[in-house]
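Notebook open, model on screen. I want to look up how a pair of helices packs, then work through a sheet.

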Amino acid sequence: MGPKPVVIDSRPGAGGILAATMVAKSAPDGYTLLIVSPAFPIRAALIPNLPYDTLKDFATLGEIGFSNLVLVVAPQLKAKTVKDFIVYANANPGKVFMGSAGTGSATHLSGERFRALAGIKVQHVAFKGQSEFQIEIAAGRIHFGSTSLTAALGLIKDGKLQALALAQRTQLLPDVPSFAESLPNWSRDGTQGLVAPAGIPIAIRQLINKELGRALAFPDVKQRLESVSFNITFSTPEQHEKNLRNDIATFSKVVKDAGLRPN
């Protein structure tokens, strides 16, 4: 049997809920799949009445990986390390502003996790996208935020943003430590992955996982993903499900601690 064409059906709307709902209601035959991001477990943690059950209505097929996250601060603060920034924030409780790409976004919840683990008091300012709050940090109008390294690398290289920590060390910024090195209780959460409607036969589930792993192992695929600081974390379907459950638990705690409510 030769290769089969793949049709990409982009279903924007409601933060990905429309696409997820369509896949959840599709036949579990392996022909309709959903690529999920950290927004998938975040929605489960943040929205109590989704039109689908995140764990019961989907079958995990395997993780793909995650985009490297970076904590950036305004260069004007002269903070060179996470410890420096925590000292500054503690000296200015409630006067430090954290930017994000929107309330309930991955950048917001990552920032809230950092705030909680660092034990600092900050005010959240939501923007329409990562580029907007990065510009505000560079201008010194807000103080910090968590964003994707791909989106922020140019401003970091130009000295307009100060990078303090990364989800995972990279040669793109060899002198910047990981979050775990600065905050021992930090753990990575949220990945890109592939899921199918619940009820997909085990044989098809395993076949798709095998082909996913084969595709991610292609040298040109690895090189392209790594060039934009995307970390491949291919896994079995079972490990993917375990990680998804852990992500929902982690984000649920962040949502509760931050007092967030769905719109």
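In which hand of crossing does α2 pass α10? I looked it up in what is a predicted model: the crossing of α2 over α10 is right-handed.

**Entry 1, the helix pair.** Two numbers to fetch here, since packed helices are described by the angle between their axes and the distance between those axes. For α2 (residues 39-46) and α10 (residues 237-258) I get an angle of about 50 degrees, and the axes are 8 Å apart. That angle makes α2 oblique to α10, as the oblique class includes what falls between 35 and 65 degrees.

Next I listed who makes the contact. From α2 I noted F40, P41, I42, A44, A45 and L46. From α10 the list reads L244, D247, I248, F251, S252 and V255. Sorted by class, this contact has 10 nonpolar residues, 1 polar and 1 charged.

**Entry 2, the sheet.** I then traced the strands. I find an open sheet of 5 strands in the order β5-β4-β6-β3-β7, and the pairing is mixed. Which strands stand at the edges? They are β5 (122-126) and β7, each with a single partner strand, so each has one side left without a neighbour in the sheet. On average, neighbouring strands are turned by 30 degrees against each other, ignoring direction.

**Entry 3, strand β3.** I spent some time on β3 (residues 69-73). Is it buried or exposed? I count 5 of its 5 residues as buried, so β3 is largely enclosed by the rest of the structure. The cut-off behind "buried" is under 20% relative accessible area.

Side chains in a regular strand alternate between the two faces of the sheet, and I checked that here. L69, L71 and V73 point one way from β3, while V70 and V72 point the other way; all are buried.

**Entry 4, the neighbours of β3.** With β6 (residues 144-148), β3 shares 5 bridges, and the two run antiparallel. Within that pairing, I see L71 bridged to S146, and V73 standing opposite F144. On the β7 (residues 162-166) side I find 4 bridges, again with antiparallel strands. There, the bridge partner of V73 is Q162. So V73 goes down in my notes twice: F144 in β6 and Q162 in β7.

**Entry 5, a helix on the sheet.** Last lookup: what lies across β3, β4 (96-100) and β6? Helix α5 (residues 130-138) does, and I note that α5 runs at about 140 degrees to β6.

How values were computed
Residues are numbered from 1 along each chain as its sequence is written. This is a predicted model: local features need pLDDT of at least 70, side-chain atom pairs count only at pLDDT 80 or more; totals for chains, interfaces and linings use all residues. Side-chain values use heavy atoms; hydrogens and water are left out. Axes are lines fitted to C-alpha atoms, for helices over the stretch in contact, and angles run from 0 to 180 degrees between N-to-C directions. Angles under 35 degrees count as roughly parallel, over 145 as roughly antiparallel, 65 to 115 as roughly perpendicular and the rest as oblique. A crossing is left-handed if the near helix is turned anticlockwise from the far one by less than a right angle, and right-handed if clockwise. Contact means heavy atoms within 4.5 Å. Ala, Val, Leu, Ile, Met, Phe, Trp, Tyr, Cys and Pro count as nonpolar, Asp, Glu, Lys and Arg as charged, and the others, Gly among them, as polar. Buried means under 20% relative accessible area, exposed over 50%, partly exposed in between (1.4 Å probe, protein chains only). Two strands pair if DSSP finds at least two bridges between them.
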